[in-house]
Each structure stands twice: as C-alpha cells, then as structure tokens.
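Thank you all for coming. I would like to walk you through one structure this morning, beginning with its open spaces and ending with its backbone.

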Amino acid sequence: MNKKNCYSNFNLISLIRENILYIEPYISARIEYKEEKNSIFLDANENSFGAPLSFYNSYNRYPDPLQEKLKKRISSIKNIPPSNIFLGNGSDEIIDLIYRIFSCPGKDNAIIFPPTYGMYEVCGKIHGVNIIKIPLLEEEYQLNLKDIKKVINNYCNNKIIFICSPNNPTGNNIIREDIKSLIKMFTGIIVLDEAYIDFSFESSISEEIEKFPNLIVLQTLSKSWGLAGLRIGIAIASKEIIYWMNKIKFPYNISINSQEIAMKALDNKDLFFYNLKNILSEREYLENSLKKIPIVDIVYPSSSNFFLVKINSSSIHLYQYLINKKIIVRDRSKVILCENCLRITVGTHEENEYLISNIKKYSDKKNKT
Ligand SMILES: Cc1ncc(COP(=O)(O)O)c(C=O)c1O
C-alpha cells in the first residue's frame with residue numbers, strides 16, 4: 001500500500017486503468033446493422049443453415065449485445081432509465097469488470113468489510129489487487145466508520161470499496177446513512193451490492209443514483225426473481241460508468257435464451273410477488289422455529305432470504321449431521337466474526353419443516369449426552 005496523497009475530488013477518468021482508457025472496443029457485427037431486420041446477414045460467420053434442432057429457433061444468430069429489450073423491461077420495473085443500466089452474466093461478471101476498469105494489478109487497493117460476499121476478495125486477488133479488510137463491528141455487523149476513515153485518509157490507491165446490503169452472510173441491512181457518508185467521503189468507486197434488496201423492507205439506493213457519480217449499485221435476477229440459472233446481473237450507475245462497462249465487456253455476454261426467458265419472467269409480476277410473499281412468511285416461520293431450539297444461540301435478524309445462525313456448540317457437527325440427513329446448509333464457522341455459525345437459506349414450507357425437525361432431533365440428542 002502506498003502512503004498518501006489521493007485524488008481530492010471524484011474524477012472518473014483518473015480512476016480508469018490506463019490500458020483500458022486507450023482501448024479501441026470490439027465492434028460486434030450485431031451492433032452495426034441492428035435495424036436491418038430483412039437483410040441477409042453474412043457478416044458474423046454464423047451458420048445460415050441453422051442449428052440441428054427440430055424446433056423453430058434463432059440460435060444460429062448471435063444475441064443482442066446490448067440486450068435492449070430486456071433492459072427496457074428492467075428499466076420499467078426498477079424505474080431507472082435504460083442508459084443507467086448494464087447487464088452482466090450474473091453480478092459476478094460485473095464485479096470482474098469493475099476490477100478490470102478501475103484497478104491496476106500490483107498497485108491498487110480494494111476495501112472490503114468482512115464477513116461479506118466472498119467474490120469481492122477472490123476476484124480482486126485474481127486481478128492482483130491488494131485487498132484491505134476492515135471487519136464489520138462485532139455485535140450488529142455494521143460499518144466501522146472510524147477505521148474506514150483512517151484507511152481512506154492514510155493510504156493512496158484505494159480504488160474500489162465493496163459494501164453488501166443486505167449483507168451476505170449476516171443477512172442484515174447496513175445503515176443507510178453510514179453508506180451515504182462513505183459514498184460522500186470516498187473519491188474512488190463505491191460498489192453497493194443489493195443482491196438481496198427485494199427481501200428487505202428498505203428501498204434500493206438506486207433511486208438516488210443521479211446524486212452519486214461514484215456509485216455502482218449491483219442487483220441480480222438470481223435471488224428474488226428465482227433465475228440464478230439464467231445468469232443475469234444488473235449494474236445501475238451513471239451513464240459514464242455504464243459507457244466503460246459496455247466498452248470492455250465480452251460482445252455477447254448474455255445468451256438469447258437468458259434474455260428471452262428473463263423477459264417472460266419479468267412480465268409475470270403477480271407470480272413474482274406471490275413467491276416473494278411466501279418467502280417472507282417462511283422467513284418468519286423459520287426464524288421463530290429456530291429460536292425455540294435449545295442449541296441455537298442466536299438467529300441474526302435477516303433482511304434477506306437466509307439466516308446466519310449461531311450454534312452454542314460446534315456448528316461443524318450439526319453441519320455434518322444435516323448432510324447425513326440430506327440437508328445442505330452453508331458452514332460459515334471459519335469466516336471472521338462467524339464462529340459456530342451456519343448460513344441457512346429459507347426454503348419451501350416442507351423443506352423448512354424437515355430442517356427444523358432435524359435440528360430439534362440433534363439438539364435433543366445433544367442435551368441427553
Ligand atoms: C451478495 C451477493 N452478490 C452477488 C452474488 C452473485 O450473484 P449472481 O448470481 O448475479 O452472479 C451473490 C450470490 O450468492 C451474493 O450473495
């Protein structure tokens with residue numbers, strides 16, 4: 001880490017990795033003549049005879065590189081102009097793009113607040129970026145603003161800060177005012193990952209995107225929309241930031257199938273809200289049931305579709321016990337501030353009942369020994 005002095009004001013261009021700044025983007029064939037619906041397309045080396053499939057399809061053609069129709073649907077649901085939206089092959093692709101655009105390997109730092117989503121660190125390390133970790137405060141899993149300020153003021157080359165709210169694996173919202181004060185004090189890029197925002201009673205900060213030129217909000221269709229298999233992540237940011245993402249992304253990063261099926265799902269808002277309501281009521285059921293089990297020490301409050309659960313003995317034993325019962329949860333006991341913790345996703349009512357009955361059995365056995 002190099003000592004001071006950083007950029008005093010936000011200047012997007014000054015944050016961009018130099019080789020990216022001067023790159024001539026690849027112009028995909030489908031961008032150049034996208035309006036030419038009735039033409040013969042012999043420009044992209046596609047197979048004009050089609051795919052060896054027995055049903056009608058257009059898979060022999062490349063998909064829309066900028067996913068314009070899908071962005072329009074997302075735009076109307078989220079009330080954000082399409083020009084402020086970028087779509088990635090999952091938000092994981094967007095995290096990777098953010099590192100590519102805004103950090104220099106071997107030189108720059110990214111700041112993360114563990115315990116948090118693992119890909120911020122893994123992806124940063126893949127890019128050779130130094131990761132500065134400032135753990136969340138112990139009791140409430142909130143930002144340690146005092147230590148964050150020290151790091152921001154004392155070290156240069158801090159390019160990216162990742163905040164996750166609601167946070168994975170703790171499940172809680174990060175206090176909105178703390179997030180805003182960090183956005184205002186930091187002259188690099190702030191990534192606010194809202195993968196679980198639809199499960200929270202807080203609104204998305206993306207409604208205020210115009211106010212924050214250094215903010216990138218990440219959302220995804222993998223969680224509340226139940227489309228993890230399609231791989232569609234969403235970035236909401238200033239048009240200038242979106243420009244750089246479009247400039248360096250892979251030309252056809254979202255498949256025809258993913259674009260089309262996502263649009264169908266987005267048109268079915270009634271079913272979306274019905275499922276969301278069920279998840280929220282199951283979350284309540286799971287929380288109340290877990291809290292009654294003697295070996296459960298803490299069920300951390302959740303604004304997500306999962307709980308971080310602290311066990312009053314070794315969580316690894318319970319984890320193994322559940323695997324033997326064919327229930328897979330996530331062991332987080334080796335993660336900082338998560339000693340003896342499991343992360344448990346809210347399932348269907350039957351799944352939750354089966355889980356609860358097995359944790360109860362385990363607890364009873366433990367109490368007898
Ligand atoms: C906080 C957070 N961000 C991003 C992701 C990845 O989302 P996607 O499926 O869009 O890549 C996850 C996945 O678990 C997550 O927990």
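Before I describe any lining, let me fix the classes: Ala, Val, Leu, Ile, Met, Phe, Trp, Tyr, Cys and Pro count as nonpolar, Asp, Glu, Lys and Arg count as charged, and the others, with Gly among them, count as polar. Please also keep in mind throughout that what you see is a predicted model.

With those classes in hand, the lining of the largest pocket has eight nonpolar, three polar and 11 charged residues. The volume of this largest pocket is about 870 Å³, and of the 22 residues that line it, Lys 37, Tyr 62, Pro 63, Asp 64 and Lys 69 are the closest to its centre. If you look for the elements that give two or more residues to this lining, you will find helix H4, residues 68-78, and helix H10, residues 256-266. The largest share comes from H10, which supplies four residues to the lining of the largest pocket.

Let me turn to the ligand. Which residues come nearest to the ligand, of the 13 around it? They are Ser 91, Asp 193, Tyr 196, Thr 220 and Ser 222. Divided by class, the shell around the ligand holds four nonpolar, five polar and four charged residues. Three of the polar contacts deserve a careful look on the screen. An oxygen atom of the ligand lies 2.7 Å from a polar backbone atom of Ser 91, whereas for Thr 220 the partner is an N or O atom in the side chain, at 2.6 Å from a ligand oxygen. Ser 222 also takes part through an N or O atom of its side chain, again 2.6 Å from an oxygen atom of the ligand. As for cover, the ligand taken alone exposes 400 Å², and the protein buries 91% of that.

Now for the enclosed spaces. Rolling a probe the size of a water molecule over the atoms shows where empty space is left. How many cavities of 30 Å³ or more does the count give? The count comes to two.

The largest cavity holds about 40 Å³ of space, and among the residues that line it are Phe 113, Leu 136, Phe 162, Cys 164 and Asn 167. Its lining has seven nonpolar and two polar residues, and no charged ones. The second largest cavity holds about 30 Å³, and its lining includes Lys 78, Glu 194, Tyr 196, Asp 198 and Thr 220. By class, the lining of this second largest cavity divides into three nonpolar, three polar and three charged residues. I would point out that Tyr 196 and Thr 220, which line the second largest cavity, were also named among the residues that come nearest to the ligand.

Next, a sheet. Strands of a sheet pair through backbone hydrogen bonds, either parallel or antiparallel. Here, four strands form an open sheet in the order E8-E9-E11-E10, and the pairing is antiparallel. Strand E8, residues 296-299, and strand E10, residues 330-331, stand at the edges with a single partner strand each, so one side of each is left without a neighbour in the sheet. Further in, strand E9, residues 306-311, is joined by five bridges to strand E11, residues 341-345, and Phe 306 has Thr 345 in E11 as its bridge partner.

I will finish with the backbone. Most residues other than glycine have a negative phi, and most peptide bonds are trans. Where, then, are the cis bonds? One joins Ser 165 and Pro 166, with omega about -5 degrees, and another joins Asn 168 and Pro 169, with omega about 20 degrees. Pro 166 lies in the loop between strand E4, residues 158-164, and helix H8, residues 176-185, and Pro 169 is likewise found in the loop between E4 and H8. Finally, Lys 326 has a positive phi, near 65 degrees, and sits in the loop between helix H12, residues 315-324, and E10.

Notes
Residues are numbered from 1 along each chain as its sequence is written. This is a predicted model: local features need pLDDT of at least 70, side-chain atom pairs count only at pLDDT 80 or more; totals for chains, interfaces and linings use all residues. Side-chain values use heavy atoms; hydrogens and water are left out. A residue is near a molecule or strand if one of its heavy atoms lies within 4 Å of it. A polar contact is a pair of N or O atoms within 3.5 Å; within protein, one must be able to donate a hydrogen and the other to accept it, and residues adjacent in sequence count only if both atoms are side-chain atoms. Accessible areas come from the Shrake-Rupley method with a 1.4 Å probe; for residues, only the protein chains shown count as cover. On a 1 Å grid over the protein atoms alone, a cavity is a set of points where a 1.4 Å probe fits but cannot get out, and a pocket is an open set with protein on both sides within 12 Å along at least five of seven lines; lining residues have an atom within 4 Å of a point. Grid points are joined across faces, edges and corners, and a volume is the space filled by probe spheres set on the points. Two strands pair if DSSP finds at least two bridges between them.
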